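Dear colleague,

Please find below the structure that I am handing over to you. My findings follow directly after it.

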Amino acid sequence: MNRVHHPLLVASLALLSLPAFAATCEVTAGVRPPTVVELYTSQGCSSCPPADRWLSGLKNQPGVIALGFHVNYWNHLGWKDPFATPQTTERQRQIKEAIRGQYVYTPQVVLNGEDHRGWRGQRADQLPALKAPDVPGLRLVRSGQQVTAQIGAGKGSAMLGGYWAVLQDDQRSAVTRGENAGETLRNDHVVRLYQPVAPWAADQTKQHTLSLSGVTGQRVVFVVTQADGLKPVQAAALSCDG
């Protein structure tokens, strides 16, 4: 399937870290929203490294926003995933309820809000585009340690939701216990901060602000969703030179 790439979906600057940042940078999402890939994974899961490598292969792909959500329910096997949080685990449980799944599992790929089991061997250009009937405008602006998401008004009276995610690449862990004991694992697109926002009326403009003070990451993502905060309708990723 031919896809139209929108370079503005990802800022052209590469961020090495999120230290003190004096200048301003911004990115505007395209008219066609990007494909949003969520991987639910764990360093304590022996079947997860292939999925982690697949997600790493989506780095720098135009029109794709990849997010690695680490879950904590494998921690009881002896290795505590340093990136797993109760909040990211709860998000997967909410998705399970929304799609009426029988259970949570890893590795799970959620593609544009839907369970996607055909990810193995799938290239970025083979991923289906996100289809949303009414795509709101989205602009991310960073000034210092603050990022603002500016969402344009859409049509109709439906509600929208959304969430922030701060991502970090090239994270390496020497695992000493659990199913991956003895392995050195590498993770990209790691969600180091996940922060949902309250829903708002879709026919109104909206602005959300995120403070990066004390936050570790390389890219800041804002995903506009349906009111439940789960199914995406628009997204953008911002990278800035520090």
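In this predicted model, residues 24 or more positions apart account for 73% of the contacts with a separation of 6 or more. The chain has 242 residues, of which 52% count as buried. Its secondary structure consists of two helices and 14 strands.

Nonpolar cores

The largest nonpolar core contains 25 residues, and Leu-138, Leu-140, Trp-164, Phe-222 and Val-224 have the most contacts inside it. Two or more residues come from each of β1 (24-28), β6 (138-143), β7 (146-151), β8, β11 (190-201), β13 and β14. Leu-138 illustrates how these parts of the chain meet. Beyond its neighbours within four places in sequence, Leu-138 is in contact with Val-27, Thr-28 and Ala-29, with Ala-149, Gln-150 and Ile-151, with Phe-222 and Val-224, and with Gln-234, Ala-235 and Ala-236. Another core lies apart from the largest one; it has 18 residues, including Val-71, Ile-95, Tyr-163 and Val-191.

Salt bridges

Side chains of opposite charge can pair when their charged atoms come close. How many salt bridges does a search of the whole structure find? The search gives eleven, and three of the pairs are described here.

Arg-219 and Asp-169 are joined by a salt bridge with an N to O distance of 2.6 Å. This pair links distant parts of the chain, since Arg-219 belongs to strand β13 and Asp-169 to the loop between β8 and β9 (171-174), 50 residues apart. Are the two partners buried or exposed? Both Arg-219 and Asp-169 are buried.

Asp-188 forms a salt bridge with Arg-186, in which the closest N and O atoms are 2.7 Å apart. This pair is part of one network, in which salt bridges with shared partners join Lys-59, Asp-170, Arg-172, Arg-186 and Asp-188. Asp-188 counts as buried because its relative accessibility is 4%, under the 20% limit. Arg-186 has a relative accessibility of 33% and therefore counts as partly exposed.

Arg-117 and Asp-115 also meet through their side chains, at 2.9 Å from N to O. Arg-117 has a relative accessible area of 52%, so this residue is exposed. Asp-115, at 29% relative accessibility, is partly exposed.

Backbone geometry

Most residues other than glycine have a negative phi, and most peptide bonds are trans. Three places in the model deserve mention against that background.

The peptide bond from Thr-106 to Pro-107 is cis, and its omega is near -10°. Pro-107 is located in the loop between α2 (86-98) and β4 (108-111).

Asn-112 is not a glycine, yet its phi is positive, near 50°. This residue sits in the loop between β4 and β5 (114-115). With a relative accessibility of 7%, Asn-112 counts as buried.

Asp-170, likewise a residue other than glycine, has a positive phi of about 55°. Asp-170 is found in the loop between β8 and β9. Its relative accessible area of 39% makes Asp-170 partly exposed. Asp-170 is also one of the members of the salt-bridge network described above.

The second largest pocket

Rolling a probe the size of a water molecule over the atoms shows where empty space is left. The second largest pocket holds about 200 Å³ of space. Its lining is made up of 14 residues, and those closest to the centre of the pocket are Pro-133, Asp-134, Leu-160, Gln-226 and Val-233. Which strands each supply at least two residues of this lining? They are β8 (159-168) and β14 (232-238). By type, the lining divides into nine nonpolar residues, one polar residue and four charged residues. Strands β8 and β14 also give two or more residues each to the largest core.

An exposed loop glycine

Gly-214 occupies a position in the loop between β12 (206-211) and β13 (219-226). Gly-214 counts as exposed because its relative accessibility is 80%, over the 50% limit. Its C-alpha atom is separated by 9.3 Å from that of Gln-145, a residue 69 residues away along the chain.

Yours sincerely

How values were computed. Residues numbered from 1 in each chain as written. Predicted model: local features only at pLDDT ≥ 70, side-chain atom pairs only at ≥ 80, totals over all residues. Heavy atoms only, no water. 1 Å grid on protein atoms, 1.4 Å probe; cavity = no way out; pocket = protein on both sides within 12 Å on 5 of 7 lines; lining within 4 Å. Points joined across faces, edges and corners; volume = space filled by probe spheres on them. Helix = DSSP H or I, 4+ residues; strand = E, 2+ residues; numbered from the N terminus. Nonpolar A, V, L, I, M, F, W, Y, C, P; charged D, E, K, R; others polar. Buried < 20%, exposed > 50% of the residue type's maximum accessible area, 1.4 Å probe, protein only. Salt bridge = Lys/Arg side-chain N within 4 Å of Asp/Glu carboxyl O. Core = buried A, V, L, I, M, F, W, Y, C linked by side-chain atoms within 4.5 Å. Contact = heavy atoms within 4.5 Å.
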